[in-house]
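Hi,

Here is the structure I promised to pass on. Have a look at it first, and then read my notes below.

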Amino acid sequence: MRPIGFSTGALAYADFRRGLEIVLASRLQAVELSALRENELFPLLDALDSLDLREFSYISLHAPSEFSAAQEPGIRDRLSRELWRNWPIVIHPDTIHDFGLWREFGPLLAIENMDKRKAIGRSAQEFT
């Protein structure tokens, strides 16, 4: 059976610790640690070693959903320091300015499909 879980961002806006508490209390096996805004990313990544994640069989990190081309290398560099954890890094396709920057993530880069409000990434055809 596949693990079921939630994104911390869906449960507690901009508060990954509160979102994690909710997921843990629900006894779910999967969690997406969410930093949907750029200012949430570095505090989340800095806190990873202090979070109790033992209950989870699946953990992913959600990168910010919007950042500039100038911010992209720094965000990518900081996320690449976490690749040793072997957790998928979820990213929106419309935030990527230079796909080459993300090549080192290999299969750990999870490009999330978008909904009808977005101009790209809504279907498999738009990813080819």
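Threonine 8 counts as buried because its relative accessibility is 1%, where buried means under 20% relative accessible area with a 1.4 Å probe, protein chains only. Threonine 8 sits in helix H1, residues 8-11; helices (H or I, at least four residues) and strands (E, at least two) are DSSP runs, numbered from the N terminus. Setting aside neighbours within four places in sequence, threonine 8 is in contact with Phe16, Gly19, Leu20, Val31, Glu32, Leu33 and Ser34, contact being heavy atoms within 4.5 Å.

A word on the source: this is a predicted model, in which local features need pLDDT of at least 70 and side-chain atom pairs count only at pLDDT 80 or more, while totals for chains, interfaces and linings use all residues. Residues are numbered from 1 along each chain as its sequence is written, and side-chain values use heavy atoms, with hydrogens and water left out.

Now to the core. The largest nonpolar core (buried Ala, Val, Leu, Ile, Met, Phe, Trp, Tyr and Cys residues joined through side-chain atoms within 4.5 Å) has 31 residues, of which Leu33, Leu79 and Trp102 touch the most other members. H3 gives the most to this core, with 4 residues. Leucine 33 has contacts beyond four places in sequence that include Thr8, Leu20, Leu44, Ile59 and Trp87.

Next, the sheet. It is open, with 5 strands in the order S1-S2-S3-S4-S5 and parallel pairing; two strands pair if DSSP finds at least two bridges between them. The edge strands, each pairing on one side only, are S1 (5-7) and S5 (109-111). S2 and S3 run parallel and are joined by 5 bridges. Valine 31 has isoleucine 59 in S3 as its bridge partner. H2 packs on the sheet, where it touches S1 and S2, and its direction makes about 170° with that of S2. Axes here are lines fitted to C-alpha atoms, for helices over the stretch in contact, and angles run from 0 to 180 degrees between N-to-C directions.

Finally, how do H3 and H4 cross? Their axes come within 11 Å and cross at roughly 20°, which makes H3 roughly parallel to H4, as angles under 35 degrees count as roughly parallel. The contact is made by Glu38, Leu41, Phe42, Leu45 and Asp46 of H3 with Ile75, Arg78 and Leu79 of H4.

Best wishes

Methods
Buried means under 20% relative accessible area, exposed over 50%, partly exposed in between (1.4 Å probe, protein chains only). Angles under 35 degrees count as roughly parallel, over 145 as roughly antiparallel, 65 to 115 as roughly perpendicular and the rest as oblique.
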